[in-house]
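Student: I have a sequence and a model open. Please show me how to read the features in them.

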Amino acid sequence: MWNWAKQCFFSASTQPLGVHSSPSRHRKNRNHRHFCGPAIVEEMIHPHCRGRVRYRAGWWFALCEQETIISPGEVVEVVGIQNITLLVKPRSHV
């Protein structure tokens, strides 16, 4: 657990969102079993740009890697996490 927390809160990334230097590291974060389930979009999410969602009684930054715009009020599916940003997909594409 401590290694996961260090990676999430103490790693500094200089790359833009959606660009990953280590595919294996990305896969590890993306498939983290504790970050899955429905969330409600609070701030519009544009392709490859962060928006904001309400997830498990808190607000989180969220990123959708698909070429779609997700509007506030829509329900999305959380599929993983990258640093402190949730990775989401529209419910119809899950």
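The dialogue below goes from the fold to single contacts.

Tutor: Ground rules first. This is a predicted model, where local features need pLDDT of at least 70 and side-chain atom pairs count only at pLDDT 80 or more, while totals for chains, interfaces and linings use all residues. Residues are numbered from 1 along each chain as its sequence is written, and side-chain values use heavy atoms, with hydrogens and water left out.

Student: How are helices and strands assigned?

Tutor: They are DSSP runs, numbered from the N terminus: helices are H or I with at least four residues, strands are E with at least two. Two strands pair if DSSP finds at least two bridges between them.

Student: In what order do the five strands close into a barrel?

Tutor: The order is S1-S2-S3-S5-S4, with mixed pairing. On average, neighbouring strands of this sheet are turned by 55° against each other, direction ignored. For such angles, axes are lines fitted to C-alpha atoms, for helices over the stretch in contact; angles run from 0 to 180 degrees between N-to-C directions.

Student: How many bridges join S1 to S2?

Tutor: Three, and the two strands run antiparallel. Val41 has Val53 of S2 as its bridge partner. Ile40 is matched with Arg54 in S2. The two strands make a hairpin with six residues between them, and His48 in the turn has a positive phi of about 60°.

Student: How many bridges pair S2 and S3?

Tutor: Six, again in the antiparallel sense. Gly51 stands opposite Ala62 of S3. This hairpin has two residues between its strands. Arg56, in the turn, has a positive phi of about 50°.

Student: Which side chains of S2 point to the buried face?

Tutor: First the cut-offs: buried means under 20% relative accessible area, exposed over 50%, and partly exposed in between, with a 1.4 Å probe and protein chains only. In S2, Gly51, Val53 and Tyr55 point to one face and are buried. Arg50, Arg52 and Arg54 point to the other face and are not buried.

Student: What about Ile81 in S4, buried or exposed?

Tutor: Ile81 is buried, with a relative accessible area of 2%. Ile81 lies in strand S4. Its C-alpha is 8.7 Å from that of Ala62, though the two are 19 residues apart in sequence.

Student: What makes an aromatic pair?

Tutor: Rings of Phe, Tyr and Trp (its six-membered ring) pair if their centres lie within 6.5 Å. Planes under 30 degrees apart count as stacked, over 60 as edge-to-face, and the rest as tilted. The whole structure has two such pairs. Phe35 and Trp60 are edge-to-face, at 5.6 Å centre to centre with 75° between the planes. They link distant parts of the chain, 25 residues apart: Phe35 is in the loop between helix H2 and strand S1, Trp60 in strand S3. Phe35 is buried at 9%, whereas Trp60 is partly exposed at 25%.

Student: Why is the pair of Tyr55 and Trp60 edge-to-face?

Tutor: Their planes are at 75° and their ring centres are 6.3 Å apart, so the pair is edge-to-face. Tyr55 is buried, at 2%. Ring pairs thus join Phe35, Tyr55 and Trp60 into a cluster.

Student: When does a charge sit over a ring?

Tutor: NZ of Lys or CZ of Arg must be within 6 Å of the ring centre and within 35 degrees of the ring normal. Arg50 lies over the face of Phe61, 3.8 Å from the ring centre. The charged end of Arg54 is placed over the ring of Trp59, at 4.1 Å from its centre.

Student: And how do I read a salt bridge?

Tutor: Side chains of opposite charge can pair when their charged atoms come close. The test is a side-chain nitrogen of Lys or Arg within 4 Å of a carboxyl oxygen of Asp or Glu. The whole structure has one salt bridge. Arg91 and Glu77 form it, at 3.0 Å from N to O. The partners are 14 residues apart, with Arg91 in the segment after strand S5 and Glu77 in strand S4. Arg91 is partly exposed at 43%, whereas Glu77 is buried at 16%.

Student: Which backbone nitrogen lies 3.4 Å from a polar atom of the Glu77 side chain?

Tutor: That of Gly37.

Key
A polar contact is a pair of N or O atoms within 3.5 Å; within protein, one must be able to donate a hydrogen and the other to accept it, and residues adjacent in sequence count only if both atoms are side-chain atoms.
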